[in-house]
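Got your viewer open? Let's take a walk through this protein together, one selection at a time.

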Amino acid sequence: MLSEIMQEALNIQINKEIYSAYLYLSMAAYCDSINLKGFANWMTIQVQEELSHAHKFFNYLPERGGKVTLQPIDGPETEWDSPLAVFKHVYEHEQLVTGLINGLVKLAREEEDYATESFLKWFIDEQVEEEASASEVVEKLKLAGDQGSGLFMLDRELGARVFTPPAA
Ligand code: FEO
């Protein structure tokens, strides 16, 4: 059985994961508006990733006798100055999410909730990948610049990203 405080924290994380999906959907719309269809594809796949993260928490709560309580989702930003600005924002956002997951692990330890600590291990590993993939695009964008053939090539590369559902 989850403690009240752990239940509340996990519900907040569902909200944060869905907010992440909403933010990346907004970024997909921005990328599409500046004709970077491959960038928009990368963001759309990221939306699916975030929704799958939310679902993991959504399924875990009742498994442990907890209750899911959904909260309103904040509105995301809608404009960025450049493709580089948008991907810097992705990287910063993923660092923020890593901090939230670390906070959940800390709370699980304080609550002596070892099942939740074990459940969160998947997210700790996932955040390493999430940060690495965002940071990689930031670095490539710095090399490519915000226009020209480098950007065109990168758009093609990001257009090839596909969604792989995480293991249950
Ligand atoms: Fe759900 Fe991108 O972390």
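On this tour, two residues are in contact when heavy atoms of theirs come within 4.5 Å. Keep in mind as you click that the model is predicted.

**Stop 1: Glu49**

Select Glu49, which you'll find in helix α2. Is Glu49 buried or exposed? Its relative accessibility is 13%, so it counts as buried, given that the cut-off for buried is under 20%. Now show what surrounds it. Skip the neighbours within four places in sequence, and Glu49 is in contact with Glu126, Glu130, Arg161 and Phe163. Add Pro165 to your selection too: Glu49 and Pro165 are 116 residues apart along the chain, yet 7.6 Å separates their C-alpha atoms.

**Stop 2: α2 against α4**

Next, colour helix α2 (residues 37-63) and helix α4 (residues 114-144). Their axes come within 12 Å and cross at roughly 170°. That angle makes α2 roughly antiparallel to α4, since anything over 145 degrees gets that label.

Which residues of α2 meet α4? On the α2 side, pick out Phe39, Trp42, Gln46, Glu49, Glu50, His53, Lys56, Phe57 and Tyr60. Among their partners in α4 are Phe119, Trp122, Phe123, Glu126 and Glu130. Sort the residues of this contact by type and you get eleven nonpolar, four polar and five charged.

**Stop 3: the rings**

Time to show side chains. How many aromatic pairs does a search of the whole structure find? There are eight. Zoom in on one of them, Tyr60 with Phe119: this pair is stacked, at 4.0 Å centre to centre and with 5° between the planes. Tyr60 lies in α2 and Phe119 in α4, so the pair ties together parts that are 59 residues apart in sequence. Both Tyr60 and Phe119 are buried.

Now widen the selection a little. Phe57, Tyr60, Phe119, Trp122 and Phe123 are linked into a cluster by ring pairs. While you're there, look for Lys56, which lies over the face of Trp122, 4.4 Å from the ring centre. For another charge over a ring, jump to Trp42: the charged end of Arg161 sits over that ring, 4.3 Å from its centre.

**Stop 4: Phe87**

Stay with aromatics and select Phe87, over in helix α3. How buried is Phe87? Its relative accessible area is 0%, so Phe87 is buried. Residues up to four places away in sequence aside, Phe87 touches Phe39, Trp42, Met43, Ala134, Val137, Val138, Leu141 and Leu158. Two of these names, Phe39 and Trp42, you have already met on the α2 side of the contact with α4. Try a distance label as well: Phe87 and Ser135 are 48 residues apart in sequence, and 8.0 Å apart from C-alpha to C-alpha.

**Stop 5: Leu107**

Slide along α3 (residues 83-110) to Leu107. Leu107 is buried too, with a relative accessible area of 14%. What does Leu107 contact, leaving aside its neighbours within four places in sequence? Select Ile5, Met6 and Ala9 to see the answer. Ile5 and Leu107 are 102 residues apart in sequence, but their C-alpha atoms are 8.6 Å apart in space.

**Stop 6: two loop residues**

Finish with the loops. Most residues other than glycine have a negative phi, which makes the next two selections worth a look.

Start with Asn35, in the loop between α1 (4-33) and α2. Its phi is near 65°, a positive value in a residue other than glycine. Asn35 is exposed, with a relative accessible area of 58%.

Then hop to the loop between α3 and α4 and select Glu112. Glu112 isn't a glycine either, but its phi is positive, about 55°. Is Glu112 buried or exposed? Exposed, at 56% relative accessibility, as the cut-off for that word is over 50%.

Key. Residues are numbered from 1 along each chain as its sequence is written. This is a predicted model: local features need pLDDT of at least 70, side-chain atom pairs count only at pLDDT 80 or more; totals for chains, interfaces and linings use all residues. Side-chain values use heavy atoms; hydrogens and water are left out. Rings of Phe, Tyr and Trp (its six-membered ring) pair if their centres lie within 6.5 Å; planes under 30 degrees apart count as stacked, over 60 as edge-to-face and the rest as tilted. Helices (H or I, at least four residues) and strands (E, at least two) are DSSP runs, numbered from the N terminus. Buried means under 20% relative accessible area, exposed over 50%, partly exposed in between (1.4 Å probe, protein chains only). A charge sits over a ring if NZ of Lys or CZ of Arg is within 6 Å of the ring centre and within 35 degrees of the ring normal. Axes are lines fitted to C-alpha atoms, for helices over the stretch in contact, and angles run from 0 to 180 degrees between N-to-C directions. Angles under 35 degrees count as roughly parallel, over 145 as roughly antiparallel, 65 to 115 as roughly perpendicular and the rest as oblique. Ala, Val, Leu, Ile, Met, Phe, Trp, Tyr, Cys and Pro count as nonpolar, Asp, Glu, Lys and Arg as charged, and the others, Gly among them, as polar.
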